[in-house]
Amino acid sequence: MREFIEYLKIVKNYSDNTVRNYEIDLDEYKVFLDHKGITDYDVDYKIVREYVEYLNKLKYKTTTISRRISALRSFYKFLYKKKKIHSNPMPLISNPKKEKILPKFLYINEVEELLGEPDDTVQGIRDHAIIEILYSTGIRVSELVNIKIRDIDFSNRTIRILGKGSKERIVIYGHVCAKILDNYLNNSRKLIKNSNLTDYLILNLNGKKLTDRSVRNIINKYMNKTSIQKHISPHTLRHTFATHLLDNGADLKAVQELLGHADLGTTQIYTHVSNERLREVYLKTHPRAWILFKYMLDFILGG
């Protein structure tokens with residue numbers, strides 16, 4: 001296992017969070033094998049299938065079970081290549097059917113309310129920039145905290161992002177975000193002590209790179225000040241970014257590129273969000289929504 005973890009870090013160049021998840025998943029799998037008195041990873045597919053059934057009995061979410069299967073798939077592939085096992089049991093193990101859970105998002109008025117909460121202090125200006133950049137670009141929190149000033153092309157309003165699997169992409173931001181970013185650089189970041197010693201864009205008040213957890217705490221802090229009755233995370237702003245683009249006619253392939261999704265199918269969840277919004281608006285506003293037209297719309301939307 002230690003050799004596999006080093007392989008993920010050095011060869012695959014996975015992020016610390018991803019590697020940590022692999023370690024957790026494999027440790028729990030080892031506990032299962034130990035409980036059954038199995039001391040060797042060279043098992044047949046029946047043992048792995050029994051493990052998946054065990055996870056189901058514990059009422060784990062489908063996404064969690066899929067992640068654990070994915071971890072085992074990578075692990076056993078590694079073991080087989082290294083000739084540590086005689087056969088790979090994973091080709092006979094399939095992922096559970098995905099649950100159709102629509103991602104949470106904010107309406108534009110809710111975004112505006114959230115953005116109106118930070119004040120004009122050094123910290124408030126920085127927090128305003130954090131929220132705006134997340135919403136305007138759709139980047140992940142892990143990507144935000146790793147942006148360096150040299151990654152930003154201020155003339156073309158683009159940012160070079162290093163995403164999952166060390167894949168680079170370019171994201172775009174508009175004039176509103178440009179003004180907020182400029183305000184942060186001139187009236188907040190410059191006033192943070194030791195800010196001249198680092199090239200990282202977003203800093204804490206000690207001049208160090210901000211952490212993922214700190215960004216989550218910042219979002220929670222301002223959400224608690226609003227009247228919005230939703231539990232959100234920084235990732236909700238990414239969902240909001242994609243939903244608003246598609247609502248306003250953006251091409252699905254373009255949204256995929258901006259989000260950095262490897263698979264178009266991952267991006268397609270946001271079309272379902274848009275369709276659900278359309279259904280909701282229609283049923284609330286059309287006088288005959290609950291008679292003939294409701295069934296027509298259900299047919300059109302595949303409901």
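**View 1. Helix 2, end to end, in a predicted model.** With 20 residues at 1.5 Å each, helix 2 (residues 16-35) should span 28 Å, and its end C-alpha atoms sit 29 Å apart, which agrees. That expected span is 1.5 Å times one less than the number of residues. Helices here are DSSP runs (H or I, at least four residues), numbered from the N terminus. Because this is a predicted model, local features need pLDDT of at least 70 and side-chain atom pairs count only at pLDDT 80 or more, while totals for chains, interfaces and linings use all residues. Residues are numbered from 1 along each chain as its sequence is written, and side-chain values use heavy atoms, leaving out hydrogens and water.

**View 2. The two faces of helix 2.** Val19, Tyr22, Asp25, Leu26, Tyr29, Phe32 and Leu33 are buried in helix 2 (under 20% relative accessible area, with exposed over 50%; 1.4 Å probe, protein chains only). They cover an arc of only 140° around the axis, so they lie on the same side of helix 2; the arc is taken from the directions from the helix axis to the C-beta atoms. Turned away from that buried side are the exposed Asp16, Val31 and His35.

**View 3. What the buried residues of helix 2 pack against.** Their partners are helix 1 (2-10), helix 3 (45-57) and helix 4 (62-81), with contact meaning heavy atoms within 4.5 Å.

**View 4. Lys59, a positive phi in a loop.** Most residues other than glycine have a negative phi. Lys59, in the loop between helix 3 and helix 4, has a positive one of about 65°. At 72% relative accessibility, Lys59 counts as exposed.
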